[in-house]
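Here is a short tour to read with the structure open beside you. Feel free to jump between topics as you go.

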Amino acid sequence: VTWAAWAAGERARIEAAGRWRTIRTPDPSLACFASNDYLGLTRHPAVVAAAHAALDEWGTGSGAARLVVGSRPVHDELEAELAAWKGAEAALLFSSGYAANVGVLSALAGPGVRVLSDELNHASIIDGCRLSRAEVCVYRHGDLDHVASLLGGVGGRAVVVTDAVFSMDGDEAPVSELAEMCGVRSALLVVDEAHAVLGPRFDVDPSAAVLRVGTLSKTLGALGGFVAGPRSLVDLLVNKARSFVFSTALPPADAAAAQAALRVLRSAEGEALVARLRRNVERVAPGHPSPIVPIVLGDEQAALAASAALLEQGLLVPAIRPPTVPEGTSRLRVALSAAHTDAEIDALVAALPLVHA
Ligand SMILES: Cc1ncc(COP(=O)(O)O)c(C=O)c1O
């Protein structure tokens with residue numbers, strides 16, 4: 001069988017399951033509830049200006065991996081600022097959040113290590129676990145007793161890895177409790193804070209075995225990923241994380257954009273943006289902890305139809321289906337932003353009850 005015939009067969013199989021997907025180019029006039037630009041910083045004048053200035057000074061690409069070509073000053077500055085923000089000893093940039101998770105887990109876990117991973121963790125964590133060739137134990141979502149029992153029988157090194165905010169459910173992991181449990185059992189805790197713009201708040205001793213993975217691509221409005229944690233582990237990642245070692249460094253313009261975004265986030269203006277995001281979440285889902293609001297409809301076709309109905313009203317709200325979420329839990333995923341106008345939030349709040357019905 002030729003590759004073309006195989007591809008056609010695969011396509012037919014996916015289409016028959018109603019799951020063939022294509023990339024669309026939505027009308028920019030739609031109100032977008034699909035983006036993770038939580039604070040609207042992709043269009044902040046200081047962020048855009050910083051990217052422009054870096055382009056003018058350094059050009060477009062970074063040319064090679066950092067161990068080969070070295071850093072541009074903005075890489076070092078951004079790492080120092082990310083570490084300070086996270087209260088960590090050190091931070092390291094990756095070319096995406098995906099690359100950060102894959103690099104961290106595959107470098108630090110391995111044969112003889114037990115990795116405990118929440119059942120709803122992001123695909124990049126799952127892939128990192130697989131690449132590590134460690135013993136991977138998937139624990140029930142947010143279940144501390146399950147984590148404790150799986151840690152109980154560990155003789156050697158152990159890693160617990162979790163999203164801080166789960167990307168398709170928008171709920172929070174019990175990160176403080178996990179940190180305490182890992183501290184007692186000398187397990188490494190890896191927390192992916194990609195969506196943790198409103199919380200959970202979580203402070204750790206900088207020398208504790210806790211790594212915080214983050215992305216520059218969502219709240220920070222650019223592209224890239226990072227990990228922050230103890231210097232001993234971060235320095236080891238420089239040497240062992242293959243998605244860092246064997247991948248071209250972040251373009252200076254992305255690093256500069258993220259640096260400017262981080263400075264906005266840590267200013268009074270950032271506080272106001274976070275408060276506005278909090279307010280938008282309250283309007284759509286009172287009491288919900290994050291800007292990711294799932295509306296679980298169950299059936300795949302129901303989720304697609306609801307998304308199409310909202311599109312008719314000028315609202316871009318994606319339908320999320322298996323394999324991204326478990327069977328029978330297809331849903332709309334509403335991603336809220338501080339940049340949404342009151343009119344956009346009004347339109348969403350008015351339209352959502354119709355698709356629920
Ligand atoms: C929880 C989580 N971790 C990591 C990533 C990957 O980050 P990036 O898009 O920067 O690769 C995502 C989303 O893309 C995510 O939702």
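The notes below go through a strand and its partners, the ligand, a helix, two single residues and a small sheet.

This is a predicted model, so please read the points below in that light. A good place to begin is strand β3, residues 114-118, where five of the five residues are buried. From there the notes move to the ligand, which has 15 residues around it.

**Strand β3 and its partners**

- Which way do the side chains of β3 point? Arg114, Leu116 and Asp118 point one way, while Val115 and Ser117 point the other way, and all of them are buried.
- On one pairing, β3 meets strand β4 (residues 135-139) in the parallel sense, over five bridges.
- Within that pairing, Arg114 has Glu135 of β4 standing opposite.
- To get from β3 to β4, the chain passes through helix α6 (residues 123-132), and this β-α-β crossover is right-handed.
- β3 also runs parallel to strand β5 (residues 158-163), and four bridges join the two.
- Here Val115 of β3 stands opposite Val159 of β5.
- As a general reminder, strands of a sheet pair through backbone hydrogen bonds, in either a parallel or an antiparallel sense.

**Around the ligand**

- Which residues come nearest to the ligand? Of the 15 around it, they are Asp192, His195, Thr215, Ser217 and Lys218.
- Ser217 places a polar side-chain atom 2.8 Å from an oxygen atom of the ligand.
- Lys218 has a side-chain N or O atom 2.8 Å from a ligand oxygen atom.
- Gly97 takes part through its backbone: one of its N or O atoms there lies 2.8 Å from an oxygen atom of the ligand.
- On its own the ligand has 380 Å² of accessible area, and the protein covers 84% of that.

**Helix α8**

- Helix α8 spans residues 175-185, and its buried residues include Val175, Leu178, Ala179, Met181 and Cys182.
- Why do these buried residues line one face of the helix? Seen down the axis of α8, they fall within an arc of 165°, so they share one face.
- The face turned away from that buried side carries Glu180, Gly183 and Val184, which are exposed.
- The general background is that an α-helix has 3.6 residues a turn, so residues three or four places apart point the same way.

**Two residues to look up**

- Val245 sits in helix α10 (residues 242-245). Is Val245 buried or exposed? Its relative accessibility is 18%, and the cut-off for buried is under 20%, so Val245 counts as buried.
- Val245 and Arg66 are 179 residues apart along the chain, yet their C-alpha atoms are separated by 7.5 Å.
- Glu312 belongs to helix α13 (residues 300-312). With a relative accessible area of 74%, Glu312 is exposed.
- Glu312 and Leu30 are 282 residues apart in sequence, and 9.8 Å lies between them in space, C-alpha to C-alpha.

**An open antiparallel sheet**

- Three strands make up this open sheet, in the order β9-β12-β11, with antiparallel pairing.
- β9 (292-298) and β11 (319-320) are at the edges, each with a single partner strand, so one side of each has no neighbour in the sheet.
- β11 runs antiparallel to strand β12 (residues 330-335), and two bridges join them.
- To find this pairing on screen, look for Ala319, whose bridge partner in β12 is Leu332.

Note on methods
Residues numbered from 1 in each chain as written. Predicted model: local features only at pLDDT ≥ 70, side-chain atom pairs only at ≥ 80, totals over all residues. Heavy atoms only, no water. Buried < 20%, exposed > 50% of the residue type's maximum accessible area, 1.4 Å probe, protein only. Pairing = 2+ DSSP bridges. Right-handed = clockwise from strand over helix to strand, strands pointing away. Near = heavy atom within 4 Å. Polar contact = N/O pair within 3.5 Å; in protein donor to acceptor, adjacent residues only side chain to side chain. Areas by Shrake-Rupley, 256 points an atom, 1.4 Å probe, with all protein chains shown as cover. Arc of directions from axis to C-beta.
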